[in-house]
Amino acid sequence: MEAKGLLMSLPMNRRLFLHAAGVSLAGATLAAAGCTPRPTSGGAGGGAEGGTTVRAAWWGGDVRHAKFNAIYDLYSQRHEGVSIAREFADYGSYFERLPTQFAGGNAPDLLHVTERQVSDYASRGQLADLRSFADGGPLDLSLFSEASLAAGEYQGTLVMLLVGATIPATMYNAALFAQAGVAEPGLDWTWDAFASACLELAANLPEGSLGSTYQAISAPTFETTLVQDGKSLFAPDASAQLNFDAADGERWFRLWKELLDAGGCQTAEQTAEDSSAPFEDTAFAQGNTAMHVQNSNQLVTFQTAVGEAGELALAPFPQVGGAPASLVIGSYVSINANATDEVAEEAASIVDFFVNDPDANRIFGLELGVPGNSNWVEAVEAELEPVDRKVLEFAQAVEAQSVFATPRPSGSSRADSLMSELGLAVGFGELDPAAAGARLVDELAASIGAS
Amino acid sequence: MTQTTLSRRTVAEPPLDPPVRRTRSAWAKQEERAAWVMLTPWLLGLVAITAVPMVASLVLSFTDYRLLSSPSWVGLENYVRLLDDPRFTKAIGVTFRYVFVSVPLQLAFALALALLLNRGVRGLRFYRSAFYLPSLLGASVTIAILWRQVFGSEGIFNALLGLFGVNGPSWIGNPDHALGTLVVLNVWTFGSPMVIFLAGLRQIPREYYEAAAVDGAGRLSQFFRVTLPLLTPVVFFNVILQFIHAFQAFTPSYIVSGGSGGPVDSTLFYTLYLYQRGFTQFEMGYASAMAWILLLIIGVFTAANFVASRYWVFYGDEK
């Protein structure tokens with residue numbers, strides 16, 4: 001039996017082997033099919049439709065999805081034979097999926113990114129040079145400001161085009177300021193003015209209302225204070241280096257801890273609860289704090305939540321560093337470098353439509369913030385809602401002190417979660433500001449692999 | 001199955017002449033082939049969905065793999081790095097606290113209710129389903145969201161405390177209590193072990209209780225001398241199952257803490273940290289190493305449980 005079994009196993013194995021080979025061959029073919037940019041041309045296969053399909057992806061909520069869909073529908077209407085396959089998700093899921101798609105070779109042709117993720121893809125040559133579509137091509141960049149184009153460059157190549165810039169700014173509830181008899185903030189206010197406003201507000205508003213939310217947990221806000229000193233979280237050239245030190249972190253945590261201890265802002269407990277709650281349940285949206293720090297383009301969202309109870313307005317984050325400055329965060333559009341020439345060309349034409357066509361501009365409005373091209377602003381200016389007008393006017397008012405965030409190195413995504421952990425640890429008194437500053441530098445350096 | 005049938009026949013029947021023998025063995029072979037064919041979908045699933053990814057993750061655990069760049073071999077580096085990763089240590093601590101507090105509580109609760117239901121309550125079917133319901137819902141996103149509403153600073157629980165003049169904190173916003181709310185959530189899903197306990201209780205012959213009663217045993221001593229010893233195999237089964245389940249808990253913390261494991265890492269479950277490393281920081285090699293450590297922990301724990309079971313689990317056929 002044994003010997004027979006052994007003999008039997010030989011042909012069996014060969015058969016198995018052949019079988020396995022067949023399976024893996026089929027698998028490889030499938031995989032190869034998956035890797036190849038999708039069939040696009042109106043050639044033999046796609047004869048029926050006879051057009052090009054461009055896969056477009058973006059992140060956002062329902063309002064934004066509707067706008068994207070309307071614009072892409074309009075484009076398809078005007079360009080017969082072009083269909084735009086769409087995929088979208090909320091910010092978190094979108095950026096969880098994107099690296100997997102790139103790793104698997106099935107990333108969308110047209111995608112949206114920010115300076116936080118761009119170098120992950122740009123450093124591996126995954127994003128097309130947008131200038132190559134500009135000279136004589138479908139993409140008109142002539143009305144973009146120098147600053148906005150420079151912000152979309154990675155090591156000299158234009159890998160992403162600004163579709164909206166937003167500023168982490170102080171949002172304040174003017175009604176609560178009036179109620180407490182506190183003067184509204186100006187463009188050049190300092191941390192001391194902010195802190196005393198917080199205390200006055202807490203003192204003069206009814207029980208349960210506070211001056212501000214606790215923002216020690218916010219990395220973009222911290223970076224705003226770094227920019228005021230000519231620094232930033234990471235090296236401006238996206239190399240694996242930090243561009244601040246532990247003392248900067250300590251200063252940041254100490255300021256907030258002192259304000260918290262003085263009763264000027266939310267407690268750590270409330271902050272922790274808010275950080276996992278839907279935004280309309282958070283303290284500022286509920287009208288329980290007079291100030292909050294948020295991206296300026298979110299003003300309309302918060303105004304909707306606050307409603308009639310108070311009119312919201314924007315001011316820069318107070319000056320902590322050497323000179324007043326505001327950090328500008330961008331949302332950008334990119335084209336997948338792996339797309340076939342035909343698809344890439346069509347994608348560039350869609351991008352051009354998106355940023356330069358007045359109808360598209362009007363549909364999108366200032367959804368992602370202030371655009372980088374003057375014609376877009378002109379197209380929407382006339383019919384802006386009052387809230388959006390405030391966002392635009394605020395961006396224009398602080399333009400002189402605005403500094404674009406630069407592409408971050410790989411591993412930088414840890415910045416936000418780390419800041420939130422350390423900010424809360426300081427708030428709960430589990431870490432003192434000096435220790436938190438040191439941890440911030442150590443852990444952030446480790447996560448980007450800084451030498 | 002096939003083999004035992006075959007051997008029994010060989011023993012029972014007198015020696016057969018070769019031709020018949022060949023036919024039977026051909027038939028057996030055919031039956032075996034049929035078995036394999038029937039098993040194919042399951043086998044394909046096992047290989048493609050479980051075995052291959054597991055081996056791949058083992059290999060990846062020895063690499064530095066950032067998803068966008070190809071993996072590079074680093075040997076044991078990921079495992080070494082784990083040893084002085086403070087958040088890893090924290091995650092282990094949180095998970096162990098969660099497992100060792102919530103599972104015993106949950107099982108005690110399940111057993112208590114099973115005993116109650118086993119006393120011939122009217123409407124047993126209704127109660128059984130009602131108590132089982134949380135087990136079906138407990139790990140879901142909806143319930144985790146509900147939990148946030150219940151235990152938030154303005155939540156139902158504090159409103160209830162307010163009736164008694166107690167001003168409760170934000171249970172989920174406070175690092176001292178946040179894990180506690182997740183323990184309560186897990187205890188609340190006592191339904192599935194309860195149903196199993198109930199089935200176990202039904203298996204215990206009435207006569208034992210009658211005999212015990214004749215010997216003068218009271219309720220309490222009946223429970224400790226009859227019920228519990230005869231129920232130990234079921235207890236053991238529930239212990240193993242619920243412990244493994246609790247080690248792998250993810251959703252409650254993910255939803256209640258908004259994916260952060262906060263406040264201040266107080267609800268940083270092992271699997272949540274693994275997820276953060278793998279899917280928000282894209283360190284797949286590191287995450288794979290973590291996955292294997294978790295498998296090891298669960299394996300060691302389960303093995304230890306089996307060894308210990310020799311000393312406390314009583315099977316009816318033992319003397």
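The following paragraphs describe a predicted model with chains A and B, moving from the fold of chain A to the contact with chain B. Local features are used where pLDDT is at least 70 and side-chain atom pairs count only at pLDDT 80 or more, while totals for chains, interfaces and linings use all residues. Residues are numbered from 1 along each chain as its sequence is written, and chains are lettered from A in the order in which they are written.

Chain A holds 17 helices and twelve strands, these being DSSP runs numbered from the N terminus (H or I, at least four residues, for helices; E, at least two, for strands). Of its 451 residues, 46% are buried, a residue being called buried if 20 or more other C-beta atoms, placed from the backbone, lie within 10 Å of its own. Taking two residues to be in contact if their C-beta atoms, placed from the backbone, lie within 7 Å, 77% of the contacts in chain A between residues at least 6 apart in sequence join residues at least 24 apart.

The largest nonpolar core, a set of buried Ala, Val, Leu, Ile, Met, Phe, Trp, Tyr and Cys residues joined through C-beta atoms within 7 Å, has 127 residues, and A:Leu110, A:Ile335 and A:Ala347 are among those with the most contacts inside it. Helix 12 of chain A (residues 341-356) gives the most to this core, with nine residues. Leaving aside neighbours within four places in sequence, A:Ala347 is in contact with A:Val54, A:Asp109, A:Leu110, A:Ile335 and A:Ala339. Another core, of 54 residues, lies apart from it and includes B:Leu107, B:Phe151, B:Leu182 and B:Phe282.

Helix 3 of chain A (residues 91-103) repays a closer look. In helix 3 of chain A, A:Phe95, A:Leu98 and A:Phe102 are buried; seen down the helix axis, the buried residues fall within an arc of 50 degrees, so they line one face of the helix, the arc being that of the directions from the axis to the C-beta atoms. An α-helix has 3.6 residues a turn, so residues three or four places apart point the same way. Strand 3 (110-113) and helix 4 (118-122) of chain A are included in what covers these buried residues.

Helix 3 also leads to the contact between the chains, which takes 26 residues from chain A and 25 residues from chain B. On the side of chain A that touches chain B, helix 3, helix 10 (268-276) and helix 16 (414-427) each supply at least two residues.

How values were computed. A residue is buried if 20 or more other C-beta atoms lie within 10 Å of its own, exposed if 12 or fewer, and partly exposed in between; C-beta atoms are placed from the backbone.
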